[in-house]
Amino acid sequence: MAEAETNTIINDKDDQETVPKIITFLSSLLQRVAESNDHCRLFQSQKISVFHGLTRPTISIKSYLERIFKYANCSPSCFVVAYVYLDRFVQMQPSLPINSYNVHRLLITSVLVSAKFMDDMYYNNAYYAKVGGISTVEMNLLEVDFLFGLGFQLNVAPTTFHTYCTFLQREMCMQIQSPLQQLLPQPSFNIGRPLKIHCCFKEDESSHHHQLAV
């Protein structure tokens with residue numbers, strides 16, 4: 001059953017039959033995380049890193065992810081692994097929460113690293129830089145900084161992969177809720193504390209129930 005749900009998340013496509021649903025779900029999740037942490041910036045200072053832009057990119061997170069999917073030609077599973085990497089990164093770098101100023105660079109970097117780790121064939125950094133709208137020099141710098149931020153912990157266990165697919169499945173359920181339900185305040189989270197992608201998930205606890213932190 002869990003495997004079937006995982007395949008649904010990875011392989012199902014939206015109404016346009018061109019983009020896997022994982023792109024829609026992941027972009028929706030990251031959009032809410034970024035907006036929440038943007039609000040937290042008003043109450044708590046956040047560290048500036050190489051991933052931060054001077055201004056918010058004009059392209060939406062969803063459009064940016066769709067662009068990466070269209071031109072990077074990496075497997076849909078890479079986006080699940082990229083999601084795992086992003087969550088590991090923010091847990092290991094708590095002073096660098098995802099927000100509207102860094103989410104795009106974090107996305108292109110996490111997908112790049114994921115593709116290199118997951119796929120037999122992948123494009124080089126110069127190509128990914130063009131896809132992401134940055135220079136090759138910056139792409140190289142972001143990759144190194146991201147790897148060190150992860151502590152080079154790139155392996156993703158099957159149970160971890162399935163658990164993160166479950167998180168994305170939950171995101172799908174949230175999208176079909178009524179607008180009123182989506183506007184209801186989230187319990188257990190205080191304004192002023194940067195929000196992560198989900199709440200304190202540890203890979204050795206994959207059999208437990210976890211809740212998204214946004």
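Helices (H or I, at least four residues) and strands (E, at least two) are DSSP runs, numbered from the N terminus. The structure described here is a predicted model, in which local features need pLDDT of at least 70 and side-chain atom pairs count only at pLDDT 80 or more, while totals for chains, interfaces and linings use all residues. Residues are numbered from 1 along each chain as its sequence is written, and side-chain values use heavy atoms, with hydrogens and water left out.

The protein chain contains nine helices and zero strands. Read from the N terminus, its elements follow the order α-α-α-α-α-α-α-α-α. Of its 214 residues, 46% are buried, where buried means under 20% relative accessible area, exposed means over 50%, and partly exposed lies in between (1.4 Å probe, protein chains only). Contact means heavy atoms within 4.5 Å. Among contacts between residues at least 6 apart in sequence, 80% join residues at least 24 apart.

Helix H4 (residues 76–92) is a suitable place to begin. The expected span of a helix is 1.5 Å times one less than its number of residues. For the 17 residues of H4 this gives 24 Å, and the end C-alpha atoms are 25 Å apart, which agrees. Because 13 of these 17 residues are buried, H4 is largely enclosed by the rest of the structure.

Two packed helices are described by the angle between their axes and the distance between the axes. Axes are lines fitted to C-alpha atoms, for helices over the stretch in contact, and angles run from 0 to 180 degrees between N-to-C directions. H2 and H4 pack at an angle of about 20°, with axes 10 Å apart. H2 is therefore roughly parallel to H4; angles under 35 degrees count as roughly parallel, over 145 as roughly antiparallel, 65 to 115 as roughly perpendicular and the rest as oblique. On the H2 side, Ile22, Ile23, Leu26, Leu29 and Leu30 meet Pro76, Phe79, Val80, Tyr83 and Leu86 of H4. The residues of this contact comprise 10 nonpolar, no polar and no charged. Here Ala, Val, Leu, Ile, Met, Phe, Trp, Tyr, Cys and Pro count as nonpolar, Asp, Glu, Lys and Arg as charged, and the others, Gly among them, as polar.

A second pair consists of helix H3 (residues 61–72) and helix H5 (residues 103–118), whose axes come within 11 Å and cross at roughly 25°. This makes H3 roughly parallel to H5. Ile61, Tyr64, Leu65 and Ile68 in H3 meet Val103, His104, Leu107, Ile108 and Val111 in H5. The contact of H3 with H5 involves eight nonpolar residues, one polar and no charged.

Val111, in helix H5, has 0% relative accessibility and so counts as buried. Leaving out residues up to four places away in sequence, Val111 touches Ile68, Cys74, Phe79, Ala82 and Tyr128. The C-alpha atoms of Val111 and Leu86 are separated by 9.5 Å, although the two residues are 25 apart along the chain.

The loops offer a contrasting view. Thr55 lies in the loop between helix H2 (21–40) and H3, and with 58% relative accessibility it counts as exposed. The C-alpha atoms of Thr55 and Asn102 are 9.6 Å apart, with their positions 47 residues apart along the chain. Asn155 lies in the loop between helix H7 (136–150) and helix H8 (158–175); its relative accessible area of 56% makes it exposed. Beyond its neighbours within four places in sequence, Asn155 is in contact with Arg88 and Phe117.
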